[in-house]
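Thanks for sharing this one. Here are a few points to go through with the model open beside you.

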Amino acid sequence: MQSQTIQFSQKKGSTRLNVTRTAAEVCPLCDGTGWKALPATPSSPKDRRVTRCDCQLRSRNQTLLAAARIPKRYEHCELANFEFDGRYRSLAPARMAACKFAEEYPVNKSGLLLIGSIGVGKTHLAVGIIKELIRGKGVSCLFYDYRELLKQIQNSYNDTVKTTELDVLRPVFEAEVLALDELGAVRPTEWVWDTVSLILNTRYNDKLTTIITTNFPDGQSAETEAKKGIKRLNREDTLGDRVGDRMLSRLHEMCRFVTMDGADFRQNVKSASFP
């Protein structure tokens with residue numbers, strides 16, 4: 001980009017006025033047209049072809065990144081700066097799966113579900129993936145924390161809020177790739193189950209890709225286990241408990257499940273913080 005400053009002065013009575021004009025910045029590759037010429041080929045030396053200029057691609061990517069709603073706390077997260085060596089070596093397969101996902105999209109549009117305890121870097125990988133898709137392939141992506149999404153939907157029922165449930169859900173339904181963070185973090189009620197089922201089933205039916213993170217292990221609900229005669233001491237909630245067994249089955253159709261086992265980054269001041 002180049003800019004030009006022009007200065008001139010003018011007398012008005014005894015007062016001298018200084019005026020400054022700044023010319024609009026113009027891309028030197030396309031001269032502001034948004035298109036750049038491609039080199040002619042030996043077989044067609046007079047064939048003049050054009051393609052979108054790099055400045056247009058950069059501008060589109062910046063717009064997509066801003067629209068993705070990536071929280072400031074995670075703006076530094078990239079696949080390239082995800083730590084997976086030393087004490088975090090067990091996380092290498094998860095990073096490999098994330099890189100493969102970004103590389104193969106959209107040939108393979110299956111989603112990804114990252115399972116792991118607090119602080120292992122699930123959100124880091126999810127954000128890293130959508131950044132790769134935006135910058136490398138111009139894909140429209142959207143990030144939402146599961147708890148925040150449910151809260152926004154509930155707030156839309158308030159008459160004083162000038163938004164509707166559909167206003168909140170439309171971008172969630174339509175995003176080419178949705179990253180849904182912390183699935184299951186809200187205690188389940190009939191309304192929660194119905195809402196998450198609506199979101200995920202809509203995206204499933206429209207063949208849209210969803211990246212999901214959760215702290216809850218893959219497994220059926222306590223109710224289903226009891227019917228099968230399975231009893232476990234000190235049982236902790238599973239994903240089936242949090243989203244329902246029917247939705248869990250649908251998630252297995254929608255996503256590849258990846259379990260992340262490793263040390264808590266946060267306890268070592270390694271992630272989920274400003275760089």
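1. Confidence first. This is a predicted model, and the protein averages a pLDDT of 85, with 79% of the residues scoring at least 70. Residues 1-24 have pLDDT below 50, although the model gives this stretch 32 contacts beyond near neighbours in sequence. Residues 270-274 also stay under 50, and there the model has 14 contacts beyond four places in sequence. I would welcome a word on both stretches in your text.

2. A cis peptide bond. Most peptide bonds are trans. Please have a look at the bond from Tyr105 to Pro106, which is cis, with omega near 5 degrees. Pro106 is found in the loop between helix H2 (92-104) and strand S5 (111-116).

3. Positive phi at Glu182. Most residues other than glycine have a negative phi. Glu182, however, has a positive phi near 65 degrees. Its place is the loop that runs between strand S7 (177-181) and helix H6 (190-205). Is Glu182 buried or exposed? With a relative accessibility of 14%, Glu182 falls under the 20% cut-off and therefore counts as buried.

4. Positive phi at Asn234. Phi is positive here too, near 50 degrees, in another residue that is not glycine. Asn234 sits in the loop between helix H7 (222-227) and helix H8 (239-243). Its relative accessible area is 78%, which is over the 50% cut-off, so Asn234 is exposed. It may be worth describing the two loops side by side, with Glu182 buried and Asn234 exposed.

5. The largest nonpolar core. In soluble globular proteins, nonpolar side chains tend to be buried together. Which residues touch the most other members of the largest core here? Of its 33 residues, these are Leu125, Ile129, Ile130, Leu133, Val177, Ile211 and Met260. Two or more residues each come from H2, S5, helix H3 (122-137), strand S6 (141-145), S7 and strand S9 (255-260). H3 gives the largest share, seven residues.

6. Val177 up close. Leaving aside neighbours within four places in sequence, Val177 is in contact with Tyr105, Ile130, Leu133, Val139, Ser140, Cys141, Leu142, Arg203, Thr209 and Ile211. Tyr105, in this list, is also the residue that begins the cis bond to Pro106, which would make a nice link between two parts of your description.

7. A second core. Apart from the largest core lies another, of 29 residues. Its members include Phe173, Val192, Phe216 and Leu251. A figure with the two cores in separate colours would help readers follow the text.

Notes. Residues are numbered from 1 along each chain as its sequence is written. This is a predicted model: local features need pLDDT of at least 70, side-chain atom pairs count only at pLDDT 80 or more; totals for chains, interfaces and linings use all residues. Side-chain values use heavy atoms; hydrogens and water are left out. pLDDT is the predictor's confidence in each residue, from 0 to 100. Contact means heavy atoms within 4.5 Å. Helices (H or I, at least four residues) and strands (E, at least two) are DSSP runs, numbered from the N terminus. Buried means under 20% relative accessible area, exposed over 50%, partly exposed in between (1.4 Å probe, protein chains only). A nonpolar core is a set of buried Ala, Val, Leu, Ile, Met, Phe, Trp, Tyr and Cys residues joined through side-chain atoms within 4.5 Å.
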